[in-house]
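The following questions and answers examine how certain structural labels are justified. Each answer sets a value against the criterion behind the label.

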Amino acid sequence: MLEVMPRNARLRIAELEAQVAERDARIAELEAQVKVLTRRVAELEAQLRKNSTNSSKPPSSDSPGVRRTPRVPTGRRPGGQPGHELHKRELLPPEQVDRFIDVPAPERCTSCDGKLEGGLRDALSELLGVRLSLGAIGNREQEMSEALSAPVAQAEQYVRDQEAANLDETGWYEGKENERHRRVWLWLAATALVAVFRISSSHGSDVAKALLGEDFAGFLTTDRWSAYNWYDTGLRQLCWSHLTRDFQGFIEKGGEGAPIGRALMAERNRMFKWWHRVRDGTLSREDFERRMRKVARKVGLLLRQAAVCAEEKTAGTAAKILQLEEAMWTFVQVEGLEPTNNFAERLIRPCVMYRKTSFGTQSPEGSRFMERILTAVTTLGLQQRNVLEYLTDLLYTHRRALPLPSLLPFTTNAQAAPPA
């Protein structure tokens, strides 16, 4: 047919075919752009919907309209329960006080003749009637940091020798870089009675390994941060508070992942209901383990569905969780192991509040002091020991090169070696 067409007609047909091909290519290009932009809009909308119920964001970052899942009433009154040991410090009665001593303080520094006032200085002046220069405060911090070095090292070794530990980390700031605070990380390794902090520029597995030691063989409770993936999955417990936020995220991202997320939340609720009964003594450990086998199978099936059928973000999260599936259920087999990392998060939360008001530390030396004083204060709190008494005793022995008081529990308490 084309052979009998006039040459002009053939040229016109070829020109039209080229235009159609060009338009098809342009349409395909625009469709690809629309797909990319649609995905980006979905990501931005998902970010706007993020809050403390479906992500790792803290509750303090929530907008006023965020609705949190109400806690199921336990029927108990707030506060300490019947039989709970009362903890409080009583003031000495006046008849036991021999005398009150007024300690006068200089108004100016004997070295620089500067007026002693401001900051921490105001608190010391107002509360204790003691006035110090900024230089004196810095010197006392460094002296305390040196005194704490050996007890903190002893505490680190104690954590490495335990059968179970919790790890967590949060952002920190140290000094300034290009007029901006330099981002570093505050790490925590905690056991029931000893907690060790470390500030590092690394957010990787090297810090976790250094805190625990290469020979650590206990059970490790963490979130899903990849820095912990070097550890044996069979000895690891994933935090179900973080998994809860992941499942809630499935629901709020919508699409095929939403009904899967709701089904996962139902299994999650069933698990926690039984777990609380085990802790309360109303469900035997054997019955709990038997019931949890069915829950574990259902959760695994739902996650595999999400990894195959759900939208890209939901599928990716599900696939990452499945890589650590074994670590979701360690607490079922190991008595005494908690299903969440809430213990470590509670210990690290006051540090976050301090960072927000102090903007971190100004130097590596300041970071060493901060990680050591946090280790001491948090550990002493876990053991219900008096912080001021310990630090006073520590400084006294440090200045006299005597054996230093230990941060270890009294049942294993050994004096730390004084500095050489």
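## Helix crossing, burial and backbone angles

In this predicted model, helix H7 passes helix H8 in a left-handed crossing.

Q: Why is H7 called oblique to H8?
A: The axes of helix H7 (residues 285-309) and helix H8 (residues 312-323) cross at roughly 140°. Angles over 145 degrees count as roughly antiparallel, and 65 to 115 as roughly perpendicular. The crossing angle falls in neither range, and therefore H7 is oblique to H8.

Q: Which residues make the contact of H7 with H8?
A: The axes come within 7 Å. On the side of H7 the contact is made by Gly300, Leu303, Arg304, Ala306 and Ala307. H8 contributes Thr314, Ala315, Ala318, Ala319, Ile321 and Leu322.

Q: How do the residues of this contact divide into nonpolar, polar and charged?
A: Eight are nonpolar, two are polar and one is charged. Arg counts as charged, and Arg304 of H7 is part of the contact. Gly counts as polar, and Gly300 of H7 takes part as well.

Q: What makes Gln237 buried or exposed?
A: Gln237, located in strand S5 (residues 236-238), has 0% relative accessibility. Buried means under 20%, so Gln237 counts as buried.

Q: What lies around the side chain of Gln237?
A: A polar atom of this side chain lies 3.4 Å from the backbone oxygen of Ala327. The backbone oxygen of Met328 is 3.2 Å from a polar atom of the Gln237 side chain. Both distances are within the 3.5 Å required of a polar contact. Beyond its neighbours within four places in sequence, Gln237 is in contact with residues including Leu220, Thr222, Trp329, Phe331 and Pro339.

Q: Why is Phe359 called partly exposed?
A: Phe359 is found in the loop between helix H10 (342-358) and helix H11 (364-382). Its relative accessibility is 48%. Buried means under 20% and exposed over 50%; the value for Phe359 lies in between, so the residue counts as partly exposed.

Q: What makes Ala401 exposed?
A: Ala401 lies in the segment after helix H12 (387-399). With a relative accessible area of 51%, Ala401 is over the 50% cut-off and therefore exposed.

Q: What is notable about phi in Phe359 and in Ala401?
A: Most residues other than glycine have a negative phi. Phi of Phe359, which is not glycine, is positive, near 60°. Ala401, also not a glycine, has a positive phi of about 55°.

Technical notes
Residues numbered from 1 in each chain as written. Predicted model: local features only at pLDDT ≥ 70, side-chain atom pairs only at ≥ 80, totals over all residues. Heavy atoms only, no water. Helix = DSSP H or I, 4+ residues; strand = E, 2+ residues; numbered from the N terminus. Buried < 20%, exposed > 50% of the residue type's maximum accessible area, 1.4 Å probe, protein only. Polar contact = N/O pair within 3.5 Å; in protein donor to acceptor, adjacent residues only side chain to side chain. Contact = heavy atoms within 4.5 Å. Axes fitted to C-alpha atoms, helices over the stretch in contact; angles between N-to-C directions. Parallel < 35°, antiparallel > 145°, perpendicular 65-115°, else oblique. Left-handed = near helix turned anticlockwise from the far one by under 90°.
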